Amino acid sequence: MDFVLAGAAACGACLFTNPLEVVKTRMQLQGELKSRGTYQVHYRNVFHAFYTIGRVDGLAGLQKGLVPGLFYQFFMNGVRLGSYAIIESAGHIHSNGRVSAAKTTVAGAAAGVVGAVMGSPVYLVKTHLQSQSTSSIAVGHQYEHQGMVHALRVIYRQHGILGLWRGSSAAVPRVSVGSATQLSTFSSSKELVIDLQVFPQNSWLVPLSAGMISSVVVVLAMTPFDVISTRLYNQPVDHLGKGQLYKGFTDCLSMTLKKEGLTGLYKGLGASYFRLGPHTILSLFFWDELRKLYQKFR
């Protein structure tokens, strides 16, 4: 039940934040491996990107990749948050009755690795679909998938079962860092808010406040890994399924730093916060409330 509740919470958050995921993906791919001033800027900032995508691709363009996004959130976060809930319930994240930062970080990272591997194929498809756009505002490599099932079938037919896990070398560090940061700061922040007695202990404002604190740390820690992950998943591949731009995680990291500098790793930072911030707040809030509801009627 922990897995189902966690997956449902993440899907609820995804419905609200998927347009921000589309914007973030486009901004991270814009000017890929090009120095500043040498490429056309289609998206100047988060708000301009929203306006441009809505005007050119239509409102439906802002919900591209929603179906694989929901599948990814259910499986990845269902496994990730569900595993963490089991570890937490068993008392493994506490030392002397208090939340242990080290234990929550390790538990969050371990749960994140499992979730990242499980959800990698649908994250691959989600990235492809969200980068697809009208040629006048296209960024990054453009695939021609007609939907999630079609994309999975094409990738499997061309590159076999391993092709579906292409790019997972970036997904594992991305999700493990994000998960470790998110869950450790969420647990500690929740404890802090309760200790300060800002709100009543069982108030819904406690997890909401903890989620707001957690989201700032998550975005700062996760954005460089997110940029690398998006680029590895979206890069064109040859007939053997090997990337034509990057050989792997470290190659993508070094090439991005060389061509675009440190700011290249933080492309779409504003979009990342507007997406990861609300998603972190909503998913952790829904997760906490659903667990309390389940315990009440159990």
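**Two positive-phi loop residues, a helix pair and a nonpolar patch**

L33 turns up in the loop between α1 (2–29) and α2 (46–56) of what is a predicted model. Its backbone is a bit out of the ordinary: phi of L33 is near 60 degrees, a positive value in a residue that isn't glycine. For context, most residues other than glycine have a negative phi. The relative accessible area of L33 comes to 17%, and the cut-off for buried is under 20%, so L33 counts as buried.

Q197 is another non-glycine residue with a positive phi, here near 55 degrees. This one sits in the loop between α6 (168–196) and α7. Unlike the buried L33, Q197 is exposed, because its relative accessibility of 68% is over the 50% mark.

Next comes helix packing. Two packed helices are described by the angle between their axes and the distance between the axes. For α7 and α9, the axes come within 8 Å and cross at roughly 135 degrees, which means that α7 runs oblique to α9. As for handedness, the α7/α9 crossing is right-handed.

Both helices also show up in a nonpolar surface patch. The patch is made of F47, V216, V217, L220, L257, L262, Y266, L269, Y273 and F274, and together these residues have about 890 Å² of accessible area. Two or more patch residues come from each of α7 (205–234) and α9 (269–297). One of the patch members, V217, belongs to helix α7. With a relative accessible area of 36%, V217 is partly exposed, since that class lies between the buried limit of 20% and the exposed limit of 50%.

How values were computed:
Residues are numbered from 1 along each chain as its sequence is written. This is a predicted model: local features need pLDDT of at least 70, side-chain atom pairs count only at pLDDT 80 or more; totals for chains, interfaces and linings use all residues. Side-chain values use heavy atoms; hydrogens and water are left out. Patches are made of residues with over 30% relative accessible area and no salt bridge: like charges are joined within 9 Å, nonpolar side chains (Val, Leu, Ile, Met, Phe, Trp, Tyr) within 5 Å. Accessible areas come from the Shrake-Rupley method with a 1.4 Å probe; for residues, only the protein chains shown count as cover. A salt bridge is a side-chain nitrogen of Lys or Arg within 4 Å of a carboxyl oxygen of Asp or Glu. Helices (H or I, at least four residues) and strands (E, at least two) are DSSP runs, numbered from the N terminus. Buried means under 20% relative accessible area, exposed over 50%, partly exposed in between (1.4 Å probe, protein chains only). Axes are lines fitted to C-alpha atoms, for helices over the stretch in contact, and angles run from 0 to 180 degrees between N-to-C directions. Angles under 35 degrees count as roughly parallel, over 145 as roughly antiparallel, 65 to 115 as roughly perpendicular and the rest as oblique. A crossing is left-handed if the near helix is turned anticlockwise from the far one by less than a right angle, and right-handed if clockwise.
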